[in-house]
Amino acid sequence: MAFHLLQHDRHAALQIARALEHAVSSIKHCDLCNTLTEQDICRTCSNAQRDRSKLCVVETPADQAALERTLAYRGLYFVLMGKLSPLDGIGPHDIGLQKLFDRVVPKDDAGLLMPVESREVQEVILATNFTAEGEATAHVISQALKSRGVQVTRLARGVPVGSELEYVDLGTIAHALVDRR
């Protein structure tokens, strides 16, 4: 892309450069969900029509955008901005797990965990990727939240719509059988 723009459309290259410079200087993290936004609170979090009892945890803003394009989910999000990866030196503090836990299980004025029935978030949906790191991240979050009395669910996985079984990998078929409903 860079070669093409430099050779054929230097004006467009400058426009892209200015747009990236503007994004770097004006885009920040939402105070609530950690996604990228120009405001302190993103449009999704400030939308009163969203279901505040559900919180979907994703790895990246791109994952959040993919879920939004389905029009199937109307709750709120928490964007980790990564996944646990001990081999790469990425631990719980590097992806903001404490911020997630504080949002889901807030403390009262005395510093005690709020009772389950008075919490805003009633269900956490783990929508991390189905990679080794994504599974490990989902497991750590699930264990921590379940121990605090939070209902935790995991995004389903299985055979893609419109596919034929003979062309689906064996791992996907096995998971689809185990997670059948």
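**Exercise 1. Determine the order in which helices and strands follow one another from the N terminus on.**

Solution. The structure under study is a predicted model. Step 1: from the N terminus on, the elements run α-α-β-β-α-β-α-β-α-β-α-β-α. Step 2: the inventory of the protein comprises seven helices and six strands. Step 3: for the overall extent, the C-alpha trace spans about 60 × 55 × 40 Å along its principal axes.

**Exercise 2. State which residues UniProt assigns to the feature "zinc finger region: C4-type" and to "domain: Toprim", and describe each span.**

Solution. Step 1: an unreviewed UniProt entry places "zinc finger region: C4-type" at residues 30-45. In the model, this stretch is 19% helix and 12% strand, and its end C-alpha atoms are 8 Å apart. Step 2: the UniProt record, also marked as unreviewed, lists residues 53-160 for "domain: Toprim". That span is 30% helix and 18% strand, with 28 Å between its end C-alpha atoms.

**Exercise 3. Establish the strand order of the open sheet of four strands, and explain why one side of strand 4 and of strand 6 lacks a neighbour.**

Solution. Step 1: the order of the open sheet is 4-3-5-6, and the pairing is parallel. Step 2: strand 4 (75-79) and strand 6 stand at the edges, and each has a single partner strand, so one side of each is left without a neighbour in the sheet. Step 3: on average, neighbouring strands of this sheet are turned by 25° against each other, direction ignored.

**Exercise 4. Follow the sheet from strand 4 to strand 6, giving the bridges and the residues that stand opposite one another.**

Solution. Step 1: strand 3 (residues 51-58) runs parallel to strand 4 and is joined to it by five bridges. Here Cys 56 has Tyr 77 of strand 4 as its bridge partner, while Val 57 stands opposite Phe 78 of strand 4. Between these two strands the chain passes through helix 4 (residues 61-69), forming a right-handed β-α-β crossover.

Step 2: strand 3 also pairs with strand 5, in the parallel sense and over four bridges. Leu 55 stands opposite Val 124 of strand 5.

Step 3: strand 5 (residues 123-126) pairs in turn with strand 6 (residues 151-154), again in the parallel sense over four bridges. Val 124 stands opposite Val 152 of strand 6. The chain travels from strand 5 to strand 6 through helix 6 (residues 132-146), and this β-α-β crossover is right-handed.

**Exercise 5. Identify which strands helix 5 and helix 6 touch when they pack on the sheet.**

Solution. Step 1: helix 5 touches strand 3, strand 4 and strand 5. The direction of helix 5 makes about 155° with that of strand 4. Step 2: helix 6 touches strand 3, strand 5 and strand 6. The direction of helix 6 makes about 165° with that of strand 6.

**Exercise 6. Describe how helix 5 and helix 6 pack, and classify the residues in their contact.**

Solution. Step 1: helix 5 (residues 97-104) packs against helix 6 at an angle of about 35°, and the axes are 11 Å apart. Step 2: the crossing of helix 5 past helix 6 is right-handed. Step 3: helix 5 contributes Leu 97, Leu 100, Phe 101 and Val 104 to the contact, and helix 6 contributes Val 140, Ile 141, Ala 144 and Leu 145. Step 4: sorted by class, this contact has eight nonpolar residues, no polar residues and no charged residues.

Conventions:
Residues are numbered from 1 along each chain as its sequence is written. This is a predicted model: local features need pLDDT of at least 70, side-chain atom pairs count only at pLDDT 80 or more; totals for chains, interfaces and linings use all residues. Side-chain values use heavy atoms; hydrogens and water are left out. Two strands pair if DSSP finds at least two bridges between them. A crossover is right-handed if, with the strands pointing away from the viewer, the path from the first strand over the helix to the second runs clockwise. Axes are lines fitted to C-alpha atoms, for helices over the stretch in contact, and angles run from 0 to 180 degrees between N-to-C directions. A crossing is left-handed if the near helix is turned anticlockwise from the far one by less than a right angle, and right-handed if clockwise. Contact means heavy atoms within 4.5 Å. Ala, Val, Leu, Ile, Met, Phe, Trp, Tyr, Cys and Pro count as nonpolar, Asp, Glu, Lys and Arg as charged, and the others, Gly among them, as polar. UniProt positions are given in the numbering used here, feature names are shortened, and annotations may be inferred rather than shown by experiment.
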